[in-house]
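New to this one? Take a look at the model below, and then we'll walk through a few spots worth finding.

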Amino acid sequence: MNREFYGKVIIEGEIEALTGLHIGAQRDTSEIGGIDNPVIKDPHTGLPYIPGSSLKGRLRSLFEIYVNSKLDELKDQYKGLKNYMKGSCREIGKENCGRFFNRELHNVWIHVCNTYEEARNCPVCRLFGASGKESNFPSRVIVRDAFLTEEWKEKWRKGEEITEAKMEVGIDRITSQANPRTTERVVAGAKFNFEIIYTVEDLNEVEDDLRHLLMSMLLLEDSYLGGSGSRGYGKVKFHIKRIAFKPREFYETGDEGKIKSTKQYKSVQELLNNINDVVSLIKPQGG
Amino acid sequence: MGKYLAIKMIPKGPIREIPKATTLFGAIANAVREIYGSDETEKFIREFSEKAKISSAFPYLGEEYFLPFPLNAEASLYEIFKGDISKIKEAREKPYIPLDAFEKAIRLQEFTVKDLPYKKVEIPKVSLDRVSQDSSIYFWDAVVFKENGGLYFLYDGPKDIFEKYIVPAMNFLGDHGIGGKRTWGYGLFVPEITEVYIDEPQGNAFVTLSPMYPRNENSLILWKVEKIGGWSWGRRKPKVPMVLEGSVIRDDPGKMIELDLGLPFKVYVNGKAFPVRTEAPGDAL
Ligand SMILES: [Zn+2]
């Protein structure tokens with residue numbers, strides 16, 4: 001239990017859907033004459049949004065895949081990784097078989113370190129958290145639900161369509177029968193406000209953690225968010241509007257003057273190139 | 001007339017469930033520990049135990065504050081609504097009623113219920129196998145608020161405890177989240193301080209607005225009990241039976257419970273009552 005608290009880094013900006021975006025809503029609703037496969041929406045306003053769980057889950061899974069592929073190189077730096085071999089325990093069917101993807105979660109295999117100490121020394125779990133059976137390593141990263149920007153809410157109020165129905169023909173793998181269904185997706189161009197909060201617990205790990213977080217965001221830009229990514233859905237881009245550091249002293253005094261922020265960055269890549277701007281907010285010279 | 005400080009938690013998204021005073025106190029104590037360290041936390045807990053109390057969180061919509069359904073009114077629904085079954089049914093379905101209705105209910109007078117400013121929904125989460133890319137969908141419960149809706153809780157105690165500890169803790173918790181699934185942004189909020197007045201009758205009984213651990217079992221008049229557990233600093237807390245909000249009690253402040261979870265510090269469960277005067281039905285006393 002050697003967690004300290006130095007403050008929180010808050011990354012705010014917009015996520016733009018460059019192609020149609022489908023984050024599904026329900027188990028299996030087939031309303032007659034309706035859309036077979038709707039997108040998730042706020043139950044009060046009916047507006048689509050991106051759940052923080054989807055966004056964070058995607059960032060984590062892409063970073064896990066990256067770490068698995070570089071496992072041998074990374075072992076020297078992160079002693080929590082020493083216990084793992086590349087690959088998935090899926091084939092063996094036993095959790096914790098020694099492979100990197102070691103935990104079964106609802107029939108899929110993911111990576112989760114089992115102990116606090118392992119998680120503390122694993123680049124994935126120390127950033128995104130690990131839930132063990134009796135001890136947890138809470139995530140240093142919070143990813144909030146991303147709601148439509150004011151600009152896009154306004155478009156919606158004026159009657160513009162925010163989602164579209166797309167007809168797709170699936171082929172039943174057994175009967176080879178064509179099975180047309182409509183999938184709803186958020187239209188390309190739609191923008192959502194995102195907010196990612198990183199808790200600073202260890203000054204020596206801040207830069208490394210933030211690099212990993214930004215790298216995961218870049219991996220997502222080169223991949224997809226939501227369903228049907230292989231068919232071109234869910235290409236997204238992050239626009240960074242503000243990065244602020246709220247130090248412990250801010251929470252102590254409530255003095256907003258203690259909050260420090262950087263300039264705007266056009267892209268995640270530009271921010272990553274200037275990561276020292278952020279690190280120097282947290283660790284002032286000589287600190 | 002009871003005048004209380006109220007802390008509005010203006011939501012930035014859903015919350016896992018509406019937090020009780022036990023969860024709120026645990027979160028506040030943890031926040032105080034993060035901000036000020038252990039010694040100051042011990043001081044806070046000592047002072048809070050002696051002088052202050054907080055209610056559970058309840059919903060609000062704009063300027064309308066909701067409160068839990070008092071059990072004495074539930075026991076007297078038939079008399080309150082003069083046998084009107086549809087009104088009784090409608091009232092019985094609501095765990096929270098607006099402040100003005102609460103003020104009538106604690107006087108055992110007829111009151112009107114309202115729609116609640118939140119919905120409980122199931123939110124899907126998809127897991128993707130990192131190798132095969134197989135996906136699996138599962139669901140989490142969440143409480144989602146209407147626009148202008150959210151949660152608040154009441155504080156009763158010295159202003160210096162409020163300003164030194166509660167306000168910083170709420171600023172911290174707004175960016176940290178409260179309750180489960182914080183890592184997905186659940187339970188994030190913007191705090192706002194305001195005041196709430198409750199017009200209390202001259203009764204000899206009380207409705208508690210927080211779960212309580214009675215000092216004397218004989219102080220219970222009408223009550224519901226639930227075992228309350230949870231997590232603290234990555235450790236599971238043993239479940240403690242508590243008398244729930246809305247229960248009717250005699251004068252009993254309740255108490256803090258001290259737990260040893262093998263951490264370098266003690267964990268405290270807030271079992272202090274948040275009493276509001278009420279008229280108890282004669283035959284219950
Ligand atoms: Zn790990």
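Here is a quick tour of a metal site, a cysteine link and a pocket.

Keep in mind that this is a predicted model. A zinc ion is held by four residues of chain A, namely A:H111, A:C113, A:C122 and A:C125. There is also 1 disulfide over all chains, and the second largest pocket has a volume of about 1100 Å³.

**The zinc site**

- Start with the donor atoms: A:H111 offers its NE2, while A:C113, A:C122 and A:C125 each offer an SG.
- These atoms sit 2.1 to 2.3 Å from the zinc ion.
- The site is tetrahedral, with angles of 105 to 116° among the 4 donor atoms.
- Reading along the sequence, you'll find the donors spaced as H-x1-C-x8-C-x2-C.
- Two of the donors, A:C113 and A:C125, are 12 residues apart and link distant parts of the chain.
- A:C113 lies in the loop between β6 (108-110) and α3 (116-120) of chain A, whereas A:C125 belongs to helix α4 (residues 123-128) of chain A.
- Are these two buried or exposed? A:C113 counts as buried because its relative accessibility is 1%, under the 20% cut-off.
- A:C125 is buried as well, with a relative accessible area of 0%.

**The disulfide**

- The partners here are A:C89 and A:C97, with 2.2 Å from S to S.
- Which way does the link turn? The link of A:C89 and A:C97 is left-handed, with -95° about the S-S bond.
- The two ends don't share a setting: A:C89 is buried, at a relative accessible area of 0%, but A:C97 is partly exposed, at 26% relative accessibility.
- A:C97 gets that label because its 26% falls between the cut-offs of 20% and 50%.

**The second largest pocket**

- How many residues line this pocket? There are 48 of them, and the closest to the centre are A:R144, A:F147, B:P11, B:K12 and B:G13.
- So when you go looking for the middle of the pocket, check both chain A and chain B, since that list has residues from each.
- Helix α5 (residues 150-157) of chain A gives the most to the lining, with 4 residues.
- Sorted by class, the lining has 23 nonpolar, 15 charged and 10 polar residues.

Conventions: Residues numbered from 1 in each chain as written. Chains lettered and ligands numbered in written order. Predicted model: local features only at pLDDT ≥ 70, side-chain atom pairs only at ≥ 80, totals over all residues. Heavy atoms only, no water. Disulfide = S-S within 2.5 Å. Buried < 20%, exposed > 50% of the residue type's maximum accessible area, 1.4 Å probe, protein only. 1 Å grid on protein atoms, 1.4 Å probe; cavity = no way out; pocket = protein on both sides within 12 Å on 5 of 7 lines; lining within 4 Å. Points joined across faces, edges and corners; volume = space filled by probe spheres on them. Nonpolar A, V, L, I, M, F, W, Y, C, P; charged D, E, K, R; others polar. Donors = N, O, S within 2.8 Å, 3.2 Å for Na, K, Ca; no water. Tetrahedral: all angles 85-135°; square planar, octahedral: opposite > 155°, others 65-115°.
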